[in-house]
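Visitor: Please pick one charged spot in this protein and take me through it slowly, starting with the big picture.

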Amino acid sequence: MKKQKQNNPFNLVAEEIIFIILDLLNRNSLAIKSFSLVCKSFYAVESKHRCSLKPLRQDRLPALLSRYPNITHLDLTLCSRVSDASLSLVSHSCASSLRSIDFSRTPLFSTYGLLGLALNCKNIVEIDLSNATELKDSALAAVAEAKNLEKLSLARCKSITDMGVGCVAVGCRKLRFICLKWCFGVGDLGIGLLAVKCKHLCFLDLSYLPITNKCLSSISKLQHLEELVLEGCFGIEDDSLAVLKHGCNSLKSLDVSTCQNISHNGLPSLINGALGLRQLTLAHGSPVTSSLADCLRKHSMLQSVKLDGCFVTDDGLKTIGNWCASLRELSLSKCSGVTDEGLSSIVTKHGDLRKLDITCCRKITDASIASITNSCKSLTSLRVESCTLVTREAFVLIGQRCHLLEELDLTDNEVDDKGLKYISRCSELSSLKLGICLNITDEGLIHIGKGCSKLVELDLYRSEEITDSAILAIAQGCPGLEMINIAYCKYITDCSLLSLSKCPQLKTLESRGCSLITSLGLKAVAVGCKELTKLDIKKCHNIDDAGMLPLARFSQNLRQINLSHSSVTDIGLLSLASISCLQNMTILHLKGLTPAGLAAVLLACGGLKKVKLQATFRWLLPLRLVQYLESRGCMFQWKDKVLQEKLDPKCWKLKLEDLMP
């Protein structure tokens, strides 16, 4: 045995070379696991190499932290609960190495646990406590002991106040990034303290805080501030912005979305000194007129402008077209008032655009598509959802002229097979959305399968003429496919799932309402797509317990499943308990589900974080059981709607057409 060990060639491979190999395998967890099992030396080196950890449950932390001694980033978002004891273990095991930790969506730890972490992990620079709605000021006082902290996320921490933020401001002087979005208890006092004490702040998110002009003067003095988010700050008005007239010189990104009280009169004060401004978001705000656009004319560095949901005028768009800046990104999603004339005036002047969003611009026609494709041939992202006046002929131009496209959204449009034939020339395409495209058939999708080999995401929601032949072409031509939506494609059968089973990287399969698929097809997907994380088979009535058993055996990465209106019973559900990753389960209107079976399933699935059930089960399950599961970190959503066909918001047009004579 000793001689065999000495002759093992793998033991001669230098550790540095193994590190390089592991770096190349970084995104493939299954490959890394297989690699580490080759021999003991590879196993030992992989343990030393790993720097980040994302455990499924807190009970696995002791073994994981023992095996991996060099963890710098710890992500606990998949854990349904994290106790103080677990935090104590982390703070002692990773005392010298830990630099960042993510608690977002992770409940049940207390101030004591945070204090131990902050005191013991001296090198920690990043903490994410987002969604900790019960977090109090005392917890922030504990966080303030992390003297080297640079990044802190507190989004939706609705119970904290100025006092807690003040503790952070005094204790964490090196802070560079802080997010306080939806922290409704934080006002001018807390923000003022942050601005005065944390002079190195680069990023400040104050979305939906009840702040006024009182804290703006302090913010304007932050010499390193590059990104400022004031979305939904209704207390800020034009008159109050005058204090910023000579400040914020370092600002590169500004978001004043949903600030209804900021207009072209106050905006110049906000950005007057920020000549290096690169990104500006004015979504859902004041009308975009020539006056508003004119006040931005001198910002020659501006590259991204987002005006989603605003009313825009032709004069406003023409003024934007005359800016000296060369825009790379423009978003006009759901902007009323966009016309061919206004849009053409922008795209003809900003030919270097890389990203353009004209979702729901319902007044534009083929003329706009012609202008876009003729002027902006370097586009990598184009979103044209629900542009109802654009005819099928216009989509041919996209394929003829915009060959660099990586993302294309044509949801709810008149595109047909001819259009897809030309779009298939876009060989760099990775995301294609064709939901509610009623004119496309297998012929068009076969062209896509042949021409777009880099496709990762495909949405065919309610594109009802699609059959198994189209899915076969996609599966054969796009081996790297990770997400496909074939919901309500009524001609899809098990043959499509057999084809998709040849896509080993498939992570998301949405086949809701495909009534012809059965457990046989689901078995093929389970065996072939071992990285599957999200599965929606709602209203797949022919899928029963026979489909759950292969999932339980082969789909160990499955995290989210919707089984509503299927034929699965207690037995099939109980088999899913072997999937340790499973966290989110929707099980409405299962005729074969009994209270006793449901109770057994809920107890057996130890990692569940969210379960959606019919309200009738609320009174049939033992109260102590529900309380126990909630204490374990599981959240219940009780639905009391009777069984009925719901009007799909994406399918309103189809329903209206059915009603017309």
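**A charge tucked inside**

Guide: Let's start with charge: the protein has 78 positive and 65 negative side chains, and the centres of the two sets are 7 Å apart. Lys and Arg count as positive here, Asp and Glu as negative, with His and the chain ends left out; each charge is placed at NZ of Lys, CZ of Arg, CG of Asp or CD of Glu.

Keep in mind that this is a predicted model, where local features need pLDDT of at least 70 and side-chain atom pairs need 80 or more, while totals for chains, interfaces and linings use all residues. Residues are numbered from 1 along each chain as its sequence is written, and side-chain values use heavy atoms, without hydrogens or water.

Zooming out, 53% of the 661 residues are buried, meaning under 20% relative accessible area with a 1.4 Å probe, protein chains only. The protein has 27 helices and 24 strands, which are DSSP runs (H or I, at least four residues, for helices; E, at least two, for strands) numbered from the N terminus.

Now for our spot, D162, which sits in helix α9, residues 162-171. D162 is buried but has no salt bridge, that is, no side-chain nitrogen of Lys or Arg within 4 Å of a carboxyl oxygen of Asp or Glu. The nearest side chain of opposite charge to D162 is K214, 10 Å away. So who touches D162? Setting aside neighbours within four places in sequence, D162 contacts G185, V186, G187, L189 and G190, where contact means heavy atoms within 4.5 Å.

Methods
Buried means under 20% relative accessible area, exposed over 50%, partly exposed in between (1.4 Å probe, protein chains only).
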